[in-house]
Amino acid sequence: QEISDTVSTMLSTGKSKHLVITAKYGNGKSHTLKYTRSLVRDRDDVIVGYVAQPGEGFRDIYHEFLYDLGFDRVQEIAYEYLAQVARHTTDYDPTDARAMERLIDNGEVLLSELVPTAIQQLNDVTKFADFARAIVHMIYEDTNLYAWQWLTAEGIRYEQRKEMEIHSALDDDTTSVRAFTALKNLLLELGYTGVFVFVDEFESVARLSPKDEQATLNSIRHLMDQNSHGLCMLFGCAPEVWQDVMSEYHAFSERIGQEVALRPLTVDDVGELVEAYLDIVRTNGKTGKEPFTEESIELILQRSQGNIRQILSLCSRVLDQAVDEKEAGIEADLVKQVLE
């Protein structure tokens, strides 16, 4: 419900809102993030990117976000923008990216006439001329791979940048924050509601040096400060690391609107989980927790301490053992036997 409230606030008002999900390993952080992503990703008015872990700094977060979007999606955004420019500056009315691509391929719209205006207007929107040129170069066959490498902060040679009249490199956290903000502003210009960024395993920032950890958190803070509209960031983080972040980096943690703690499962939760998994593959028409007994479920909860990953792993091993021994039911003694 709290995740839904955070997501809904951004979708309904456009105002940025952020959230962190905390839980021990195996209690469902990644699953919750990916489930939320799957719901939001079905919408046409948002862009969604998933980052498996934050890497060495914000540049890595930005890089992984762009890679999750993919070359084709970014190229489509470039065509969407040119379509908008064409509608205002030519007699044509391309309704989407594919229609714009056809007009260009058929020679009905000349890039030489459209591109200078597109770059100028996109520069006004993003305040980042090199980013504007890179986006437009995503539609040129000769340079779109160079443009993609530049946009993803992979780094390209000076000669390749010169070919696109790009003067700077995306080679640090500061320029990556600027590029991300430019992309978000481009998307808002195109009518999108905003951008969702899912950052998993955020606790890995604790493995960075104190200097790099602070630089990463500061970069994310700057990103949030520069994007009061159209941005929703959701983090998955181990609770002990998040407590350290809250105590040591107030300026960052204050930007996170809410913390959601995923608690270990209760005995009733474990029963529901086991039943739901069994129902997927039942062929005998039965329902309920069978072949597990109440006592075996309680022992599984006790040994797993309510950790979802351990519950599923233990249940799987117990089922295999029951099949091998041709047991009709799974009693507590069988669970003890597997645990030993």
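The exercises below work through a predicted model of one chain, each with a stepwise solution.

Residues are numbered from 1 along each chain as its sequence is written. Because the model is predicted, local features need pLDDT of at least 70 and side-chain atom pairs count only at pLDDT 80 or more, while totals for chains, interfaces and linings use all residues, and side-chain values use heavy atoms, with hydrogens and water left out.

**Exercise 1.** Determine whether the length of helix H4 agrees with its number of residues.

*Solution.* Helices are DSSP runs of H or I with at least four residues, and strands are runs of E with at least two, numbered from the N terminus. The expected span of a helix is 1.5 Å times one less than its number of residues. For the 19 residues of H4 (residues 71-89) this gives 27 Å, and the end C-alpha atoms are 27 Å apart, which agrees.

**Exercise 2.** Describe the part that H4 plays in the largest nonpolar core.

*Solution.* Start from burial, which means under 20% relative accessible area, with exposed over 50% and partly exposed in between (1.4 Å probe, protein chains only). The buried residues of H4 include Val 74, Ile 77, Tyr 81 and Leu 82. A nonpolar core is a set of buried Ala, Val, Leu, Ile, Met, Phe, Trp, Tyr and Cys residues joined through side-chain atoms within 4.5 Å. In the largest one, of 75 residues, Phe 65, Met 100, Phe 131, Phe 235 and Phe 252 touch the most other members. H4 gives the most to this core, with nine residues. A second, separate core has 20 residues, among them Ile 300 and Leu 314.

**Exercise 3.** Compare the burial of the two partners in the salt bridge between Arg 221 and Asp 225.

*Solution.* A salt bridge requires a side-chain nitrogen of Lys or Arg within 4 Å of a carboxyl oxygen of Asp or Glu, and here the N to O distance is 4.0 Å. Both residues lie in helix H11 (residues 210-226), where, being four residues apart, they are separated by about one helical turn. Arg 221 is buried, at 17% relative accessible area, whereas Asp 225, at 39%, is partly exposed.

**Exercise 4.** Establish which side chain of opposite charge is nearest to the buried Lys 29.

*Solution.* Lys and Arg count as positive and Asp and Glu as negative, whereas His and the chain ends are not counted. Lys 29, placed in helix H2 (residues 29-40), has no salt bridge, and the nearest side chain of opposite charge is Glu 203, 4.8 Å away.
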